[in-house]
Amino acid sequence: MRFAMAIDTKKCVGCSDCVVACQTENAVPIGYCRDWIVEVNDGTYPRLEMEIRSERCNHCSNSPCVRCCPTGASHYDYGGTVLVTPHKCIGCGACIASCPYDARYTHPKGYVDKCTFCVHRVKEGLPPACVAVCPTKCLYFGDTDDPRSEVSQVLKKRKYKRLIPEAGTNPNLYFLI
Amino acid sequence: MNRRNFIRISTLGAGGAMFGSIGFGNDREPSLIDRLTGNTHPVESGYTRTPTYCEICFWKCAGWVYKNDQDEIWKIIGNENDPHCNGRLCPRGTGGVGMYFDQDRLKTPLIRTGARGKQEFRRASWDEALDLVAKKLDFIAKKYGPETVALITHGSGGKLLATLMKAYGSDSVAGPSYAQCKGPREVAFGLTFGTGLESPEPTDIRDTRCLVLIGSHLGENMHNSQVQEMADAIDRGAAIITVDPRFSTVASKSKFWLPIKPSTDIALLLAWMNVIINNGWYDKEYVEKYTTGFDKLKEYVQPFTPEWAYGITTIDPNMIRDTAKEMANASPAVIIHPGRHVTWYGDDTQRSRAIAMLNALLGSWGRRGGFYLPELKEIPEYPHPPFPPVAKSWRDILAGRYPFAELPLANAIVDGSIKGNLNDFQYRGWIVNGSNLNMTMPDTRKTLEAIQQLELLVVIDTMPMEITGWADVILPECTYLERYDVLRNDHNREPVIALRMPATEPKYDTKPDWWIAKELAGKMGLEKYFGWKTFEEFLDYKLTRMGSSLEEMKKIGVKKYERTSGDLYFSAENPPVFDTPSGKIELYSSQLEEAGFDPMPRYTAHEEPPEGYYRLIYGRTPSHTFSRTSNNPNLSAIMAENKVWVNPKVAANWQLKDGQDVWLKNQDGSTTSFPAKVRITERIRWDSVYIVHGFGHTSSQLTRAFKKGVSDAALITKVLLDPVMGGTGMRGNFVTFITENPDKEVKA
Ligand code: SF4
Ligand code: SF4
Ligand code: SF4
């Protein structure tokens, strides 16, 4: 089982609902976020292009953050998710420095926090909070090992890219373009 | 790393994303965080939930309020069964919890002790505060007549206050949502099709093949189900045509973006009609059967060729033809969207008429993929004695001006409160509920001049908005998460109602509007209009007469009914009815002609910015509603301030740097109270600047929003009044930049 997310940049309007829903679902302290919006502009008026992406931890299959964690707090878990066990985390920040995607932050309580793919929900058969709330339904979540899953299907149909592939992290976020 | 950037904007070739960060304290430590170890996090099942409908904007999406195991409000999730949201709230609705937790909320009734506008108040009990209001209202009724008191309201809470006003003897119940927002299009569609649009607009985006947006930035204004249907339309490959001087989010997702010169939309609409008529691309059968005035229209649009429009709009004539063709190919599954906030240049009813007429030519009204025929559920009234006659209605007060106004105009109430503006009539008291008039009405100075002449200003709100500083009495309303309200009942594809009930007890000494209205009625001898004992009884009375009950609604939140008015679209069994004088769609409006207006829309050149000035364009952002959410902790975390969008050419002229502070000054010398940061971006035309509406709060009690960004209301001192219905056109203002603190200049 390999959980992944596909983000349709053609539909995402950058509304930040995924950010707010994550915040309330996971009680992310105000002023911090586990997911965020990137807007990339190109061209000069009036020949313009814009790409909007909802980003979060890539749950990399070859993740530098797990490799560099001295305590084992950062680890692979259910369906290949990369998680942090708060009580094992000493807040050294090595993982934050190692992540090419800037996906992690230090929680005010001292441990490092980031997107969990809402595994607590996924285990109950619910989609991650961001996926469940997105008004444009531009987030697809599922198991890429299962060819029938929605995410596998959409990846078969559509062109996509992954971010910073040259970092060799083998990320599991796919951006539909 | 401390506070993170939630929105990271970058330009290709300019050095990648910017990940700067600044320090920030936490507002609230959620208790849940302690339990976020391992995978034992709570999910939907097993937690208590109560139904509500969202009050963060007028879309009123139904949802469920979840509490955690410590019985605290945790999150709000959309109701799957609700066509307004389909189980997905927008960011503001999701962040609605912040409205409840905001520690800056109004906490107790307050009575003014100092001069108006000085924040000097003393705490009062509800009994004392309401006694004072009741006494003042009695005094005004005796001295000037009850019709001199107006209620200005926005949102669901105002319904019972409106009942109180009618019982008292005034029908001046106005919302800025009319003359400052969607009034012109309601009148225009009414004149053309015999029916207005109301809310949610019956645009059948779900099944459309071509969606045309004129200055409407759907996706930045999160009109929830419309945005959802638009995303589905993108999936289906429907064409979107966006007309906007700004490269809006939806422009970036459009097949065609027409970067129009601001204020010239009518010219474009006339040229489209010219192309569609002259090429025979209109729906001939539909036009023949259902419209009147086609021949006159055909003759009228002859001069308005794409080449003519090019000189005015700067849109390439071929682009005008191609987009007309695109619409025609999709017809009748095409929507020229009427927009929502349409009070721009004072000829807004005429522009909206042109939009309505174009829809008629393409046969989209009453057709699949165009406009569906909505249906509304009838809700029985709780019995009450007839209301007393109104000595002078709002319409009498207008004395023949704005003949097509269908609802009271908030701006006319402001005007009519200033001595001498309306001959012998003057408003003497306002009750203001959920409308921060200092920021929702154009020209803040005028609003304050009116307030200074009032005998009574009562403000009912949840937050210490600017308007509260001017009140004689402040009545703190509890948030929608803490109260019952009237049933939500908006038209839709099927009739549907929704219940809002309290998820928790009101925080602080706050009360629902229905309670305030009923208590006031009791103190004013008007209790017979509020015959029910509890609000549950009031709701249950209605629900049991609608095949439901309060018990049932508490469990389901949303109830849909079968349609009784026939098909969703025109059909042989469902022939169209047009409630116009001719019984047809009026391309040529005899009603307008009789009243002395143009029977068909005319393009008028509008004033252009003087040298060194830029047209002020304002709009929405997905995470905020007007000025009411800027202090919401969850939402201000997403966007805390607005920026001034400036084209790089303009920035170069002024030597502006990205992120630099500027003050804006308009053509009348009115300057913003605070600076805003410059955002240099190709996404805005060189003749305009753009800001998101709703920032620049001057109330220091809004600890997060105070001094953040700039308010457009202060810059909109020039109002272009729509003579047809009294709308306040606000896009005729021009601003220039001040790069040094203007306060310092004065002192030096
Ligand atoms: S909620 Fe959906 S549309 Fe909105 S920003 Fe997130 S991914 Fe994009
Ligand atoms: S995105 Fe960053 S935090 Fe997430 S798994 Fe990859 S390296 Fe680790
Ligand atoms: S659109 Fe958003 S703010 Fe408006 S009612 Fe729906 S959820 Fe609330």
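**Figure 1. Glu198(B) is partly exposed, at 47% relative accessibility.** This view, like the others, shows a predicted model. Partly exposed here means between 20% and 50% relative accessible area, so 47% places Glu198(B) in that class. The residue sits in the loop between H5 and E9 of chain B. Its phi is positive, at about 60°, although Glu198(B) is not a glycine. Most residues other than glycine have a negative phi.

**Figure 2. A cis peptide bond links Ser199(B) to Pro200(B).** Omega is about -10°. Pro200(B) belongs to the loop that runs between helix H5 (176–193) and strand E9 (210–214) of chain B. Glu198(B), with its positive phi, lies in the loop between H5 and E9 as well. Most peptide bonds are trans.

**Figure 3. Asp204(B) is a buried loop residue.** The loop is again the one between H5 and E9 of chain B. Relative accessible area is 0% for Asp204(B), and therefore the residue counts as buried. Glu198(B), by contrast, is partly exposed. What does Asp204(B) touch, leaving aside its neighbours within four places in sequence? Its contacts include Arg367(B), Arg368(B), Gly369(B), Gly370(B), Phe371(B) and Tyr372(B). Glu229(B), Ile335(B), Arg493(B) and Tyr569(B) are also in contact with Asp204(B). Asp490(B) is 286 residues away from Asp204(B) in sequence. In space, the two are 16 Å apart, C-alpha to C-alpha.

**Figure 4. Helix H7 of chain B is largely enclosed by the rest of the structure.** The helix covers residues 265–278, 14 residues in total. It reaches 20 Å from its first C-alpha to its last. That is close to the 20 Å expected at 1.5 Å a residue. Of the 14 residues of H7(B), 13 are buried, which is why the helix counts as largely enclosed. An α-helix has 3.6 residues a turn, so residues three or four places apart point the same way. Just after H7(B), Gly280(B) takes a positive phi of about 65°.

**Figure 5. Twelve named residues surround ligand 3: Cys54(B), Ile56(B), Cys57(B), Trp59(B), Lys60(B), Cys61(B), Leu89(B), Cys90(B), Arg92(B), Gly93(B), Met222(B) and Asn224(B).** By class, eight are nonpolar, two polar and two charged. Lys60(B) and Arg92(B) are among the residues around the ligand. So are Cys54(B), Cys57(B), Cys61(B) and Cys90(B).

**Figure 6. Ligand 1 has 14 residues around it.** Which residues come nearest to ligand 1? They are Cys12(A), Cys15(A), Ser16(A), Cys18(A) and Cys134(A). The shell holds nine nonpolar, four polar and one charged residues.

**Figure 7. Ligand 2 is surrounded by 13 residues.** The closest are Cys57(A), Cys60(A), Cys65(A), Cys99(A) and Arg104(A). Eight residues of this shell are nonpolar, three polar and two charged.

**Figure 8. Tyr45(A) and Pro46(A) are joined by a cis peptide bond.** Omega is about 0°. Pro46(A) is found in the loop between strand E2 (36–44) and strand E3 (47–55) of chain A.

**Figure 9. Lys137(A) has a positive phi, near 50°, in a residue other than glycine.** The residue lies in the loop between helix H5 (129–133) and strand E8 (139–143) of chain A. Buried or partly exposed? Lys137(A) has 34% relative accessibility, so it counts as partly exposed.

**Figure 10. Chain A, the setting for Figures 6 to 9, has six helices and 10 strands.** Its radius of gyration is 16 Å, close to the 16 Å that the globule rule gives for 177 residues, so the chain is as compact as a globular protein of that length. Along the principal axes, the C-alpha atoms fill a box of roughly 50 × 40 × 35 Å. Buried residues make up 65% of the chain. Chain A exposes about 6,400 Å², of which carbon and sulfur atoms supply 51%.

**Figure 11. Chain B, the setting for Figures 1 to 5, has 23 helices and 28 strands.** Its radius of gyration is 26 Å, which agrees with the value near 27 Å for a compact globule of 748 residues. The C-alpha trace spans about 70 × 65 × 65 Å along its principal axes. Of the 748 residues in chain B, 64% are buried. Among contacts between residues at least 6 apart in sequence, 73% join residues at least 24 apart.

Terms used:
Residues numbered from 1 in each chain as written. Chains lettered and ligands numbered in written order. Predicted model: local features only at pLDDT ≥ 70, side-chain atom pairs only at ≥ 80, totals over all residues. Heavy atoms only, no water. Near = heavy atom within 4 Å. Nonpolar A, V, L, I, M, F, W, Y, C, P; charged D, E, K, R; others polar. Helix = DSSP H or I, 4+ residues; strand = E, 2+ residues; numbered from the N terminus. Rg over C-alpha atoms; globule rule 2.2 N^0.38 Å. Buried < 20%, exposed > 50% of the residue type's maximum accessible area, 1.4 Å probe, protein only. Contact = heavy atoms within 4.5 Å. Expected span 1.5 Å × (residues − 1). Areas by Shrake-Rupley, 256 points an atom, 1.4 Å probe, with all protein chains shown as cover.
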